[in-house]
Amino acid sequence: MVTTSASAREERPVSVVAELEGTLLHDSCTFPYYMLVAFEASGLARFAALLALWPALRLLDLLLPGRRLAARCAAFVATAGVPRAELEAVARAVLPKFMADDVDPAAWAAFGACRGRRVVVARAMPRVMVEWFAREHLGADHVVGSELEYSRLRRCTGLLTGGGDDDVAQRVRALFADGERPDLGLGRSDVARSSFLPFCKEQLQPPFSMDHDMAMQPKCAPFRPVIFHDGRLVRRPTALMSLAILFWIPLGVLLAFVRITLGLVLPIQALPYIAPFVGGAVITRGHPPPPTTAKDGSPSGVLFVCTHRTLMDPVALAFVLGRRVAAVTYSLSRLSELLSPIPTVRLTRDRETDAARMRAELARGDVAVCPEGTTCREPFLLRFSALFAELSDRIVPVATNYRVGLFHPTTARGWKAMDPIFFFMNPRPVYEVTFLNQLPAEATCAAGKSAVDVANYVQRILAATLGFECTTLTRRDKYRVLAGNDGIVGVKPAAAAAATKPGWQRRVKEVLGFLLH
């Protein structure tokens with residue numbers, strides 16, 4: 001083993017080649033990532049089929065550990081026939097969250113301290129599944145791994161090419177020309193030891209020690225967090241957890257039907273007494289403001305400014321208040337509007353039109369608005385739109401949050417009408433509603449404050465209440481990452497793309513999109 005001195009490292013950027021599975025990531029098992037691809041890209045049938053093959057895949061791993069046959073079989077079952085665009089979307093929107101949760105801090109400390117060329121080697125997953133995470137969150141310059149093959153129709157064949165020991169070694173060497181060698185190599189598998197590790201000047205293998213000089217570099221910042229992610233599964237779908245999910249889904253669907261039906265047929269005042277009997281809970285903190293009455297034509301309602309965690313935020317607010325609260329919405333599906341137990345006000349993204357609609361609704365009663373414009377699952381608050389601050393001086397900030405065990409109740413790529421169903425499919429969904437004091441007059445636009453200043457102030461106090469971090473990210477930033485668009489409702493697909501489907505399929509897709517998206 002060749003050791004590079006700390007003084008030599010300071011003279012030039014240090015290059016590094018690191019194995020992903022079992023090194024940068026704690027767990028060397030890639031089965032949960034293929035399960036995620038199966039569930040999110042294809043659905044429950046492929047998810048169940050891949051789970052049924054788990055014993056055989058495990059046996060292959062034990063009998064032929066160096067051949068990587070289990071990974072190739074899992075890749076075939078999870079991806080065969082999946083459109084290339086769908087697989088890339090899952091790799092961009094779903095997988096990074098689970099990978100980020102599994103990063104080894106000591107391995108990252110060594111990898112992140114290197115300021116030169118960074119190369120990540122994926123030995124058990126195709127490059128398309130790991131490239132977004134490696135580049136965007138680990139700061140890798142190159143990703144080396146096997147490649148998925150695609151048909152002329154841009155669908156996955158499920159077959160992998162490359163990724164063998166000689167192929168990995170050759171591709172890593174090609175990245176370092178003119179006799180240059182990587183300064184540091186991180187790896188643990190036989191592939192790493194027989195391919196790229198001998199090419200590196202210094203070699204480290206797990207378990208890593210935080211007292212190694214590369215792990216103690218003071219300038220090694222935390223890797224870029226995953227703020228936006230999609231997909232329905234909350235927990236890492238190991239074989240045991242996947243089996244539990246499959247067994248729970250029929251019961252969860254029945255439970256969701258009962259919970260939603262009770263919410264629609266019972267008066268809202270009765271729901272707090274019924275919720276504990278169907279496994280739900282709403283935790284209230286602070287003091288809800290009493291109803292207000294109109295005076296001389298002035299707005300009679302309170303403007304509740306909520307953090308946006310799910311589309312259930314205004315419903316939970318009305319549940320706690322026990323009275324009518326109109327919800328301001330933008331991309332709520334038509335089906336959700338029809339089933340909503342509270343009134344909804346659909347926005348148009350035209351500032352004057354939206355302001356007029358919200359003022360009219362405030363004249364009728366209380367209004368709930370989520371100025372982030374979209375949901376965020378992680379402990380971050382997106383930038384607040386300032387429009388609400390111009391509409392009323394009776395502003396009550398409300399910090400909302402939720403806890404679920406199995407299914408996420410939000411989506412950017414899927415059918416939004418399924419959001420409340422997935423929320424109520426969880427064994428014990430919990431909502432937290434925290435009322436802050438009404439903004440004093442001197443903190444509103446009535447005292448000469450600008451609408452932007454008021455919005456930023458409300459964002460800060462809500463973030464402090466929840467222990468979240470304020471950001472300047474917007475709905476557009478989220479949808480560009482998760483869905484590849486700007487998040488504008490009503491944008492039609494290109495005519496050329498639409499013309500590829502028969503007329504009846506286009507009509508069915510348009511109807512479903514109108515109701516469910």
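**A tour of the cores, rings and one helix**

Start by selecting F39, which is buried, with a relative accessible area of 12%. Keep in mind as you click around that this is a predicted model.

Now add F47 to the selection. F47 counts as buried too, at 0% relative accessibility. Together F39 and F47 make an aromatic pair of the edge-to-face kind, with 5.2 Å from centre to centre and 75 degrees between the planes.

Next, jump to Y402 and Y431. Their ring centres are 6.3 Å apart and their planes meet at 35 degrees, so this pair is tilted. The pair ties together distant parts of the chain: Y402 belongs to strand β14 (residues 395-403) and Y431 to strand β15 (residues 430-435), 29 residues apart. Both Y402 and Y431 are buried. Bring up F423 and F424 as well, and you'll have one aromatic cluster made of Y402, F423, F424 and Y431. If you want to go hunting for others, the count of aromatic pairs is 8.

Time to look at the packing. In soluble globular proteins, nonpolar side chains tend to be buried together. Here, the largest nonpolar core has 107 residues, and L50 and F304 are the ones with the most contacts inside it. Color helix α3 (residues 31-41) while you're there: with 9 residues, α3 gives the most to this core. Then center on F304 and show what surrounds it. Leaving out residues up to four places away in sequence, F304 touches P289, L317, L321, R323, D366, V367, A368, V369, V396, V398 and F435. Apart from the largest core lies another one, of 30 residues, including A326, A355, L436 and I461.

Two arginines are worth a stop. Select R84 with Y150: the charged end of R84 sits over the Y150 ring, 4.3 Å from its centre. Then try R117 with F176, where the charged end of R117 sits over the ring, 5.3 Å from its centre.

Last stop: helix α11 (residues 165-175). Which of its residues are buried? They are V168, A169 and V172. These cover an arc of only 95 degrees around the axis, which means they lie on the same side of α11. Turn the helix around and you'll find D166, Q170 and A174 exposed on the other side. To see what covers the buried residues of α11, show β1 (16-19), β2 (118-122) and β3 (142-145), which are among the elements doing so.

Technical notes. Residues numbered from 1 in each chain as written. Predicted model: local features only at pLDDT ≥ 70, side-chain atom pairs only at ≥ 80, totals over all residues. Heavy atoms only, no water. Core = buried A, V, L, I, M, F, W, Y, C linked by side-chain atoms within 4.5 Å. Buried < 20%, exposed > 50% of the residue type's maximum accessible area, 1.4 Å probe, protein only. Helix = DSSP H or I, 4+ residues; strand = E, 2+ residues; numbered from the N terminus. Contact = heavy atoms within 4.5 Å. Phe/Tyr/Trp six-rings, centres within 6.5 Å; stacked < 30°, edge-to-face > 60°. Lys NZ or Arg CZ within 6 Å of the ring centre and 35° of its normal. Arc of directions from axis to C-beta.
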